[in-house]
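Please open the structure in your viewer and keep the selection panel at hand. The tour below proposes one selection after another and says what is to be found at each stop.

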Amino acid sequence: MTSNHSESGKFSYLRDLPTEELEQLLQQDFILNENSESDTDYIKAIMEVIMSRERKDPDERNAMIDAAWEDFQENYHGQSTAYEPVPFPEYDSSTIPQVNSVS
C-alpha cells in the first residue's frame with residue numbers, strides 16, 4: 001500500500017507551495033545533502049505534490065518548458081562558455097624540430 005506523504009501529517013504544507021518553489025526545494029536538498037542522506041519521506045512528499053499537479057494540468061508543465069526554452073534562445077543561445085574548446089593554432093610542420101631516435 002502506498003502512503004500519500006503530502007496529504008496528511010508533517011508535509012501537508014507542501015500542497016500550498018507553488019510548483020517552482022517545490023522544485024527549488026528538491027534542488028536545495030540535492031545540493032545540501034550531497035555528502036549525506038536525504039530525507040526520503042520529504043523528497044517523496046514533494047514529488048507526489050508535483051506529480052499530482054502535472055496529472056491534473058499537463059499543459060501547464062508544457063507551457064513552462066516552452067517558456068524556459070524561449071528564455072534560453074533569447075538570452076543564452078549562441079553565446080560562448082568557458083567550457084567550449086579553444087581551437088589550437090595551426091603550425092607549419094616544417095618549423096617543428098625533428099627528434100632523432102637514439103640507437
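The stops go from the whole chain to one helix, and then to a pair of rings.

Begin with the whole protein chain in cartoon view, bearing in mind that this is a predicted model. The chain holds three helices and zero strands, and its elements run α-α-α from the N terminus on. If you colour its 103 residues by accessibility, buried residues make up 17% of them.

Next, select residues 19-32, which form helix 1. With 14 residues at 1.5 Å a residue, helix 1 should span 20 Å, and the distance of 20 Å between its end C-alpha atoms agrees with that expectation.

Keep helix 1 selected and show the side chains of Thr19, Leu22, Leu25, Leu26 and Asp29, which are buried. Now turn the view until you look down the axis of helix 1: its buried residues fall within an arc of 115°, and therefore they line one face of the helix. Then add Gln27, Ile31 and Leu32, which are exposed on the other side of helix 1.

Stay in helix 1 and select Phe30, which also has its place there. Is Phe30 buried or exposed? Its relative accessible area is 59%, and because exposed means over 50%, Phe30 counts as exposed. Show the surface of Phe30 together with that of Ile31 and Leu32, since these three residues make a nonpolar surface patch of about 400 Å².

For the next stop, turn to the aromatic rings, among which the count comes to two aromatic pairs. One of them is formed by Phe11 and Tyr42, whose ring centres are 5.8 Å apart and whose planes stand at 50°, so that the pair is tilted. This pair links distant parts of the chain, given that Phe11 lies in the segment before helix 1 while Tyr42 belongs to helix 2 (residues 40-56), 31 residues apart. Colouring by accessibility once more, you will find Phe11 buried at a relative accessible area of 8%, and Tyr42, with 15% relative accessibility, counts as buried too.

Finally, select Asp41, which is likewise found in helix 2. Asp41 has 34% relative accessibility and therefore counts as partly exposed. If you draw a distance from the C-alpha atom of Asp41 to that of Phe11, the separation is 8.9 Å, although the two residues are 30 residues apart along the chain.

Technical notes. Residues numbered from 1 in each chain as written. Predicted model: local features only at pLDDT ≥ 70, side-chain atom pairs only at ≥ 80, totals over all residues. Heavy atoms only, no water. Patch = residues over 30% accessible without salt bridge, like charges linked within 9 Å, V, L, I, M, F, W, Y side chains within 5 Å. Areas by Shrake-Rupley, 256 points an atom, 1.4 Å probe, with all protein chains shown as cover. Salt bridge = Lys/Arg side-chain N within 4 Å of Asp/Glu carboxyl O. Helix = DSSP H or I, 4+ residues; strand = E, 2+ residues; numbered from the N terminus. Buried < 20%, exposed > 50% of the residue type's maximum accessible area, 1.4 Å probe, protein only. Phe/Tyr/Trp six-rings, centres within 6.5 Å; stacked < 30°, edge-to-face > 60°. Expected span 1.5 Å × (residues − 1). Arc of directions from axis to C-beta.
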